[in-house]
Amino acid sequence: MNTSFMKEKPIFPLLTSMALPMVFSMLVNALYNIVDSFFVAQISEEAMTALSLVFPMQNLINAIAIGFGVGINAQIALHLGAGAQCRADTAATHGMLYSLLHGIVITIISIAVVQKFLSAFTDNTLVIHMGTTYATIAFSFSIIIMGSLAFEKMYQAIGQMKITMCALVAGTVCNILLDPMMIFGIGPFPRLGIAGAALATGIGQTLTLCIYLVYYKTHSLPVHLRRTCLCPNGRMDLQLYAIGIPAILNLALPSVLISFLNGILSVFSQSYVVVLGIYYKLQTFLYLPGSGIVQGMRPLIAYNYGAGETKRVRKIYRLTLWLCAAIMAMGTVLCLLLSDRLISLFTSNPETIRIGRQALRVISLGFIISAVSVASSGALEGLGKGAASLVISLFRYSFAIMPLAWILCRAMGPTGVWHAFWITEVISAGISVVVYQKSVKLP
């Protein structure tokens, strides 16, 4: 299988061919998140609150898996672009090994701390019980998640986007089909409630990993997992973590932010906490197409950078920026025109719908400008400049939004938290331009 097409094919059709399968699979996955929350919301509002409170921990686990996978992806693509086959195999092998080790550690720690974590945000014993039940089952699949995402990033690095799309879609469809049956006890399944939602998710994730394993065993690929590559290689490990750790932090920071904002909003009403959880479910649906484009862009920009194709690196970045902006413009229109309907998918409480309508209309003001931060951060990760990418994320999820939310909340009440989102995106866009220009000095 030849990977040279990544530096030879015209950029627009190349990027779209790499990105569209990821956009489709991300949209399907986002649809699952919406459907999952919809079914959980049918159990009770306490169940939806439990899911909202568990979400930051779930996001953290996914951040570790995806973030370290970004390091695997970048190293494989860079070395293939430079023609270093052995180093590409070493990056894949070490990346898979450490991903599985991460899964073991995360399973133990996350299950041990989840009840105390939930107790920090609510004293409702039913919510804590439901959240602990859901999390214990969901987090038991952490090893599966880590292995699956390591394979996903390996396939993306060699341009095999269609297999990742097929595997993700298969797992997601499995989740969607099993959700109502396991939650409500349809067909051969007993009524499991919120535990059924967690178990359905884990089964879907397992199916995705099985598809990756079958494909690896039955196809000839330009990169391989080799026992001979398991020898200690401190330099390679350092490179994997030098990209992976900032990428992990980039993805984990939203979990810290959500927990921080939950603490602020819970003082006013549980409805605000529910709305924040609903927003992040919807945000997943809105931002994941952009994420799909960035995932398609990363191996291309890394491969061309490794091959010394600097003009193509510039063009790939600019095209990614414009495509992300177009997607976010559509998201803005949806949130402004259909805010009531979007919120009512998850709750029938009139007060929660009212709060959610206002939140979506205010927060969506920052969607289009956020494309600058999303594209710049993704490009920097692909180029192996993880620390620079982390700077952008720190402003988006910590340095700007946290103090703004705290100050505006005291001046405007809980509505101030929603305004902090779009103001932060404007600030972050300016920071992103400066960081990218200083970090990427192409001849």
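Is Ala359 buried or exposed? I looked up its relative accessible area, 2%, so Ala359 is buried (under 20% relative accessible area, with exposed over 50% and partly exposed in between, for a 1.4 Å probe and protein chains only).

Basis of the entries. I worked on a predicted model, in which local features need pLDDT of at least 70 and side-chain atom pairs count only at pLDDT 80 or more, while totals for chains, interfaces and linings use all residues. Residues are numbered from 1 along each chain as its sequence is written, and side-chain values use heavy atoms, with hydrogens and water left out.

Ala359. I placed Ala359 in helix α12 (residues 350-363); helices here are DSSP runs of H or I with at least four residues, numbered from the N terminus. Not counting residues up to four places away in sequence, I found Ala359 touching Val275 and Trp418, where contact means heavy atoms within 4.5 Å. From Ala359 to Gly416 I noted 9.8 Å, C-alpha to C-alpha, across 57 residues of sequence.

Ser52. I found Ser52 in helix α2 (residues 45-81). Its relative accessibility is 6%, so I entered Ser52 as buried. With neighbours within four places in sequence left aside, Ser52 is in contact with Asn262, Val273, Val274 and Gly277.

Leu394. I located Leu394 in helix α14 (residues 386-399). I entered Leu394 as partly exposed because its relative accessible area is 22%. Leaving aside neighbours within four places in sequence, Leu394 is in contact with Leu253, Phe399 and Ala400. Leu394 and Leu249 lie 145 residues apart in sequence, and I noted 8.6 Å between their C-alpha atoms.

Helices α5 and α9. I checked α5 (residues 142-157) against α9 (residues 270-306): the axes come within 9 Å and cross at roughly 60°. Axes are lines fitted to C-alpha atoms, for helices over the stretch in contact, and angles run from 0 to 180 degrees between N-to-C directions. I therefore entered α5 as oblique to α9 (not under 35 degrees, roughly parallel; over 145, roughly antiparallel; or 65 to 115, roughly perpendicular). On the α5 side, Glu152, Lys153, Gln156 and Ala157 make the contact; on the α9 side, Gln295, Arg298 and Pro299 do.

Helices α3 and α8. I found the axes of α3 (residues 85-119) and α8 (residues 234-265) within 11 Å, crossing at roughly 30°. The residues in this contact include His94 and Tyr98 of α3 and Asp237 and Tyr241 of α8.

Key: Helices (H or I, at least four residues) and strands (E, at least two) are DSSP runs, numbered from the N terminus.
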